[in-house]
Amino acid sequence: MFTIIGVIIVLAVLSWIIWDKRYKEYDNTDVPAGFVRTDEVNVDPVSGKKTRVYYHPHTGERFYKKEND
């Protein structure tokens, strides 16, 4: 019983730490070399802030950069 609860707690903590890390990893930095600007823009419904998506054609990696209004 305690083992199952412990596993659930560990999974909850790990998911909280990892959650949406991919979107915040490059927050407020310059766009790395090789990335191409896309037309994709995400708008946060709460804050209204825009995030531009950049794409690296050779690796398929995506880069998210907040846009200034």
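**Close-up views of a predicted α-α-β-β-β protein**

**View 1. The whole chain, end to end.** Starting at the N terminus, the elements go α-α-β-β-β, so that is two helices and three strands, where helices (H or I, at least four residues) and strands (E, at least two) are DSSP runs numbered from the N terminus, which is why the labels read H1, H2, S1 and so on. This is a predicted model, so local features need pLDDT of at least 70 and side-chain atom pairs count only at pLDDT 80 or more, while totals for chains, interfaces and linings use all residues. Residues are numbered from 1 along each chain as its sequence is written, and side-chain values use heavy atoms, with hydrogens and water left out. Of the 69 residues in the protein, 12% are buried (buried is under 20% relative accessible area, exposed over 50%, partly exposed in between, with a 1.4 Å probe and protein chains only). The protein exposes about 5900 Å², with 61% of that coming from carbon and sulfur atoms; the areas are Shrake-Rupley values with a 1.4 Å probe, and for residues only the protein chains shown count as cover. Take contacts between residues at least 6 apart in sequence: 25% of them join residues at least 24 apart, with contact meaning heavy atoms within 4.5 Å.

**View 2. Where to trust the coordinates.** The mean pLDDT of the protein is 83, and 83% of its residues get to 70 or more; pLDDT is the predictor's confidence in each residue, from 0 to 100. Confidence bottoms out in helix H2 (residues 21-24), at a mean of 58, and is highest in strand S1 (residues 36-43), at 93. Where pLDDT is low, the predicted coordinates should not be read in detail.

**View 3. Helix H1, out in the open.** Helix H1 covers residues 2-18, and its end C-alpha atoms sit 24 Å apart, which agrees with the 24 Å that its 17 residues should span at 1.5 Å a residue (the expected span is 1.5 Å times one less than the number of residues). The number of buried residues among the 17 of H1 is zero, so the helix lies largely in the open.

**View 4. A cluster of three rings.** A search of the whole structure turns up two aromatic pairs; rings of Phe, Tyr and Trp (its six-membered ring) pair if their centres lie within 6.5 Å, with planes under 30 degrees apart counted as stacked, over 60 as edge-to-face and the rest as tilted. Phe-35 and Phe-63 have ring centres 5.7 Å apart and planes at 55°, so that pair is tilted. Phe-35 is in the loop between H2 and S1 and Phe-63 in strand S3 (residues 62-66), so the pair ties together parts that are 28 residues apart in sequence. Tyr-54 and Phe-63 make an edge-to-face pair, at 6.1 Å centre to centre and 65° between the planes. Together, ring pairs link Phe-35, Tyr-54 and Phe-63 into a cluster. Phe-35 and Phe-63 are both buried, Phe-63 at 0% relative accessibility, and Tyr-54 is buried too, at 13%.

**View 5. The S1–S2 hairpin.** S1 and strand S2 (residues 50-55) pair antiparallel over five bridges; strands pair if DSSP finds at least two bridges between them. Asn-42 stands opposite Thr-51 in S2, and Val-43 is opposite Lys-50 in S2. The hairpin has six residues between its strands, and Gly-48 takes a positive phi near 80°.

**View 6. The S2–S3 hairpin.** S2 and S3 run antiparallel, joined by five bridges, and Arg-52 has Lys-65 in S3 as its bridge partner. Six residues lie between the two strands, and Gly-60 in the turn has a positive phi of about 80°.

**View 7. His-56 and its neighbours.** His-56 is in the loop between S2 and S3 and is buried, at a relative accessible area of 14%. Setting aside its neighbours within four places in sequence, His-56 touches Ala-33, Gly-34, Phe-35 and Glu-61.

**View 8. Arg-62 on strand S3.** Arg-62 is found in strand S3 and counts as partly exposed, at 34% relative accessibility. Arg-62 and Thr-38 are 24 residues apart in sequence, with 9.9 Å between their C-alpha atoms.
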